[in-house]
Amino acid sequence: MVSISENSEVFEPLILGGHPLPGLWKFMLPEDFQYFRLPREQESNCSACPQIEKQGFREDYRCCTYYPRIPNFMLGLALRDKNLGPGRDRILSNIKNRFVIPEGTQASPSVWLDSVVQNSEDLFGKGRDVLCPFLIPEQRRCGIHNYRNSVCSSFYCEMSHGPVGVEFWDHLQSLILQIETALAQWILSELGVDVDEYYKIFDRWASDLPACSGRDGSWSEDIYRELWGDWLGREEEFLVASADLVLARQESLYEIASKFPIRQTKSFEKATYEAVPEVHQKERDREPYVDGIAVPIDRLWYEFQAQHKNLWVFPLGKLLAWMSDVSLEENPKDESVPSFYRKFPYRIVQGRRYQYLNNQEAEAFRLFQSPVELNSDLLGAMDRHLEDPRAKLSQWLNRGLLTTELAE
Ligand code: SF4
Ligand code: SF4
């Protein structure tokens, strides 16, 4: 067994682009990832969530009206973290109430259906039926923050780089999700679970979907017993053992994940998809249907690297200017402006979209009112106003606020 002190890095967040990412990501991804530049997503300001006012999100749960799939090893690491706080009791009560299966937390068919209905009825952020069990509402914080999953760690309600940023975070999410899935399944095999048999259990239950969920959305006792098999009654021990496995093999996690053949529960997935009432099928189809073939992790890694390259555009030597439909104006700071944005003196206007700026950013943006060449003089001028001129330039280009085409 590996001692916690030997692996303290895992228990501390990996900070990239100002984002506190799960510490284990340092080992789940190739080393290069730690040198990647992630966009700061300052418009997703979780400590003063703008979506409460903008979209009527609940003040307590906000975007955590979601049931996360937390892999077994992350739950185990959280249990091994002596400084976790109330998140520990949350994990234990989720085990007690049959919400955790050997792969980790996973929505039962009834919880999955509730999520589809919630989102279909435009109740994401507002509903009551799907609330993350790991949120500590009185403190408005995630109880397992350093152990949250790929979806939670890459979700931003506002993306500073517009659609290019959306693509970037989506690719990161897909990559990590696949690694999480592979490692969770690898752990099953390492802890004596027959992985092929395990997935056949789901497929046998596909013909009796309603019997898989308890009234409270938990997994029903019958399927739960089958899934846990010999580990039934020792679920906490299983999760801690899964953490010990990733700690012991932390230097090889990416390699292990990329070689592990991921199994999928094709019939079960199909049955849960088909159980969604027609009226909600549009929302259902937003989630990709699992067709039984897992995308190789190496391919996802290369695609992610390409997205990273796309993000940081820097057209040195080209002429840049405002897009023709862009203007800069003083922020009216009236009722039409959500209070979160009233602190900014200026805003860029593009149709009905706004980007709010402080004085320095507005000064830098004015430099492009007429076509100007991107060279060291321009960067020097931007540098006088901005901490990171290259990042801001990429952001304005990606959001379609600046263009290289008009000016040429
Ligand atoms: S990510 Fe969630 S909590 Fe953070 S600002 Fe957006 S909606 Fe609010
Ligand atoms: S795990 Fe944490 S971040 Fe994810 S939904 Fe739950 S409370 Fe929110």
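In the predicted model, an open sheet is formed by three strands arranged in the order β11-β7-β12, with antiparallel pairing. The edge positions are taken by β11 (372–373) and β12 (402–403), each of which has a single partner strand, so one side of each remains without a neighbour in the sheet. Strand β7, spanning residues 319–322, is joined to β12 by two bridges, and the two strands run antiparallel. Within this pairing, A321 has T403 of β12 as its bridge partner.

The domain assignment divides the protein into domain 1, covering 4–311, and domain 2, covering 319–403. The centres of the two domains, taken over C-alpha atoms, are separated by 36 Å. Contact between them involves eleven residues of domain 1 and eight residues of domain 2. On the side of domain 1 that touches domain 2, two or more residues are contributed by each of the elements α2 (51–55) and α7 (162–190). Helix α7 supplies the largest share of that side, namely three residues. In terms of residue class, the side of domain 1 that touches domain 2 comprises four nonpolar, five polar and two charged residues.

Helix α7 also features in the interior packing. The largest nonpolar core contains 70 residues, and those with the most contacts inside it are F73, L75, A78 and L183. Of this core, 13 residues come from α7, which is the largest share. When residues up to four places away in sequence are not counted, L183 touches P71, F73, V246, L253, I256 and A257. Another core, lying apart from the largest one, has 16 residues, including L320, V326, Y346 and A364.

The surroundings of ligand 1 were examined in turn. The residues around this ligand are S44, N45, C46, C49, P50, Q51, F57, R62, C63, F155, Y156 and C157. By class, the shell consists of eight nonpolar residues, three polar residues and one charged residue. The nonpolar class, as counted here, includes Cys, Pro, Phe and Tyr, and the shell accordingly lists C46, C49, C63 and C157 together with P50, F57, F155 and Y156. The polar residues of the shell are S44, N45 and Q51, while R62 is the charged residue.

Key. Residues numbered from 1 in each chain as written. Chains lettered and ligands numbered in written order. Predicted model: local features only at pLDDT ≥ 70, side-chain atom pairs only at ≥ 80, totals over all residues. Near = placed C-beta within 6 Å. Domains from an automatic or database assignment. Contact = placed C-beta atoms within 7 Å. Helix = DSSP H or I, 4+ residues; strand = E, 2+ residues; numbered from the N terminus. Core = buried A, V, L, I, M, F, W, Y, C linked by C-beta atoms within 7 Å. Buried ≥ 20, exposed ≤ 12 C-beta atoms within 10 Å, placed from the backbone. Pairing = 2+ DSSP bridges.
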